[in-house]
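Welcome! Below are some short exercises, each with a worked solution to follow at your own pace. Have a look at the structure first, then try each task before reading on.

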Amino acid sequence: MPDAAPRRPWLVLAICCMSLLIVSLDNTILNVALPAIQRDLHTSVSGLQWTVDAYTLVLASLLMLSGSTADRVGRRRVFQIGLVVFTAASLLCSLAPGLGWLVVARMLQAVGGSMLNPVAMSIISNTFTDSRQRARAIGVWSGVVGISMAAGPIVGGALVESAGWRAVFWINVPIGLAALFLTRRYVPESRAPRPRRVDPVGQVLVIVLLTTLTYAIIESPERGWTSPLVIGCAAAALGALLGLLWYEPRRTDPLIELRFFRSAPFAGATVIAVAAFASLGGFLFVSSLYLQNVRGLTPLHAGLFMLPMAVMALLTAPVSGRMVASRGPRVPLLLAGAALCASAVLQALTYSDHLPTAVLVVAYLLFGTGFGLVNAPITNTAVSGMPRSQAGVAAAVASTSRQIGQSLGVAVVGALMAGGAYAHTAAFTDAGRTAWWIIAGCGAAVLVTGTLTSGRWARETALRTAERLAAEETPETPETPGTPEAPGTRETKETVNT
């Protein structure tokens with residue numbers, strides 16, 4: 001159905017949002033289930049970290065490959081494969097007999113997940129060709145994250161209490177099957193006019209970088225920073241990073257398009273994504289353990305405690321989309337950074353095993369406000385001003401930054417909490433205060449980076465980068481039916497200014 005996108009753009013958006021819902025819902029539900037998994041599978045805090053980070057690491061490693069592959073072989077085709085793999089892997093997660101099997105199933109789940117969000121974002125970018133409509137669509141897209149955050153803790157808590165932690169993976173199956181049916185029926189196929197070649201060296205370097213860095217952080221509390229294995233992993237991560245910086249600019253079709261980072265807003269959005277999602281990963285990890293292991297709440301009550309955060313994220317996400325569409329990303333970024341930082345500072349200053357409920361609710365409200373505001377400017381900056389033929393790659397960089405941030409947040413905060421998780425509550429709360437100061441630093445990074453990369457100078461660098469990229473496209477080669485042609489300089493200027 002090649003004409004589906006022009007006639008039904010909002011239906012296409014709704015279908016794409018279903019994929020975001022199952023991926024985001026899976027994450028928030030899992031965090032509520034962590035204490036139950038810890039008890040049932042008799043695992044340590046590092047085991048819980050790997051349950052979360054095995055997914056985010058594989059996802060971050062494959063997002064850019066999936067985005068460029070979708071641009072090359074067909075976005076709808078890759079999107080459907082991702083739905084099948086993610087849904088089947090979710091079922092395997094629910095059947096895992098032990099921690100090792102669960103981690104492997106989570107990795108398979110991530111393989112499917114890598115084909116969903118960046119590809120869906122590319123489909124949306126090619127469906128909504130008007131820059132203001134695209135910004136509104138991205139606001140709706142970001143609102144789905146808020147919906148998942150609002151529903152996830154409560155649904156997860158209810159499922160854990162009624163049917164056990166394995167039930168949190170069942171919910172992905174019907175949503176995934178429905179999204180697969182609707183995609184086959186209503187989403188048009190599209191691909192880039194010039195296929196990008198596979199970059200196996202870059203892919204291996206990215207996997208080595210993310211895996212060894214995260215392993216060094218997670219295992220350092222148990223093995224020690226002077227352990228030969230930890231030092232070796234840190235050295236391998238540094239070597240992989242230097243290898244990427246040297247090798248990628250020399251390829252015609254690199255896995256990581258470093259030219260995008262000549263745009264200050266794009267580079268800033270990448271940093272902001274890492275910082276914001278590191279704060280989210282740390283927030284969910286430490287809050288779930290605190291509410292259930294320290295305050296003794298049931299999974300459902302813990303989910304209800306986190307509801308204020310989730311509701312504010314749900315309410316502010318579409319507002320942020322409208323603000324980006326009408327006034328640009330600067331205001332929502334500054335408000336987001338200030339709210340995230342204030343939430344974490346409040347908890348760092350007042351954290352205890354008997355923290356007043358009113359203080360906890362205010363901190364959660366602030367965090368939800370900040371996180372709800374930050375998503376739309378990140379996504380809009382990532383795809384705006386870039387040729388639509390590279391929309392999959394640009395969106396994948398933004399999505400990768402989010403997953404890297406969440407992996408690092410869980411790794412760092414989990415490493416801090418490992419020592420106090422089984423000790424007296426005083427040890428836990430002492431480690432928690434340090435964790436909240438780190439999360440406050442992430443909020444401050446959002447505030448400072450948003451200020452520096454959203455002014456006139458930054459917009460000029462984005463315009464120059466967009467013009468260079470557009471000039472290197474092949475305008476006489478149209479995209480496949482159902483996909484608009486790559487934008488020219490005039491539309492690029494309008495998009496960057498938006």
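A residue counts as buried when its relative accessible area is under 20%, as exposed when that area is over 50%, and as partly exposed in between. Please keep in mind that this is a predicted model.

**Exercise 1. Thr56 and its surroundings**

Task: Find the helix that holds Thr56, decide whether Thr56 is buried or exposed, and list its contacts beyond four places in sequence.

Solution:
- Start with the position: Thr56 belongs to helix α3, which covers residues 45-73.
- Next comes accessibility. The relative accessible area of Thr56 is 1%, so this residue is buried.
- Then look for partners. With neighbours within four places set aside, Thr56 contacts Gln403, Gln406 and Ser407.
- Finally, try a distance: the C-alpha atoms of Thr56 and Gly113 are 9.5 Å apart, although 57 residues separate the two along the chain.

**Exercise 2. The whole chain**

Task: Describe the protein chain by its helices and strands, its buried share and its surface.

Solution:
- Count the elements: the chain has 19 helices and zero strands.
- Turn to burial: 60% of the 498 residues count as buried.
- Add the surface: about 17,900 Å² is accessible, and carbon and sulfur atoms account for 67% of that.
- Last, consider the contacts between residues at least 6 apart in sequence: 85% of them link residues at least 24 apart.

**Exercise 3. A covered helix**

Task: Work out how many residues of helix α6 are buried.

Solution:
- Locate the helix: α6 spans residues 117-127.
- Check each residue: 11 of its 11 residues are buried, so α6 is mostly covered by the definition of burial.
- Among them are Asn117, Pro118, Met121 and Thr127.

**Exercise 4. Salt bridges**

Task: Find how many salt bridges there are and describe where their partners lie.

Solution:
- Recall the principle: side chains of opposite charge can pair when their charged atoms come close.
- Apply the cut-off: the nitrogen of a Lys or Arg side chain must be within 4 Å of a carboxyl oxygen of Asp or Glu. By this rule there are two salt bridges.
- Take one pair: Asp199 and Arg251 meet at 3.3 Å, N to O. Asp199 sits in the loop between α8 (172-186) and α9 (200-223), and Arg251 in the loop between α10 (228-247) and α11 (264-294), so this bridge ties together parts 52 residues apart in sequence.
- Compare with the cut-offs: Asp199 is buried at 3% relative accessibility, while Arg251 is partly exposed at 21%.
- Now take the pair Asp430 and Arg433, whose closest N and O atoms are 2.5 Å apart. Both residues lie in helix α17 (residues 425-452), three residues apart, which is about one turn of the helix.
- Asp430 is partly exposed with a relative accessible area of 44%, and Arg433 is partly exposed at 28%.

**Exercise 5. The largest pocket**

Task: State the volume of the largest pocket and say which helices help to line it.

Solution:
- Begin with volume: the largest pocket holds about 440 Å³ of space.
- Go on to the lining, which has 19 residues; those closest to the centre are Leu209, Leu241, Ile256, Thr270 and Ile404.
- Assign helices: α9, α10, α11 and α16 (391-418) each give at least two lining residues. The largest share, five residues, comes from α16.
- Sort by class: the lining has 15 nonpolar, three polar and one charged residues.

**Exercise 6. Three more residues**

Task: Place Thr183, Ile378 and Gly441 in their helices, and sort them by accessibility.

Solution:
- Thr183 is in helix α8 and is buried, at 0% relative accessible area. Beyond four places in sequence, its contacts are Ile15, Arg76, Phe79, Gln80 and Leu83.
- Ile378 is in helix α15 (residues 357-383) and is buried, at 1%. Outside its neighbours up to four places away, Ile378 touches Ala269, Ile272, Ala273 and Arg402.
- Gly441 is in helix α17 and is partly exposed, at 39% relative accessibility. Its C-alpha atom is 6.9 Å from that of Cys341, a residue 100 places away along the chain.

Technical notes. Residues are numbered from 1 along each chain as its sequence is written. This is a predicted model: local features need pLDDT of at least 70, side-chain atom pairs count only at pLDDT 80 or more; totals for chains, interfaces and linings use all residues. Side-chain values use heavy atoms; hydrogens and water are left out. Helices (H or I, at least four residues) and strands (E, at least two) are DSSP runs, numbered from the N terminus. Buried means under 20% relative accessible area, exposed over 50%, partly exposed in between (1.4 Å probe, protein chains only). Contact means heavy atoms within 4.5 Å. Accessible areas come from the Shrake-Rupley method with a 1.4 Å probe; for residues, only the protein chains shown count as cover. On a 1 Å grid over the protein atoms alone, a cavity is a set of points where a 1.4 Å probe fits but cannot get out, and a pocket is an open set with protein on both sides within 12 Å along at least five of seven lines; lining residues have an atom within 4 Å of a point. Grid points are joined across faces, edges and corners, and a volume is the space filled by probe spheres set on the points. Ala, Val, Leu, Ile, Met, Phe, Trp, Tyr, Cys and Pro count as nonpolar, Asp, Glu, Lys and Arg as charged, and the others, Gly among them, as polar.
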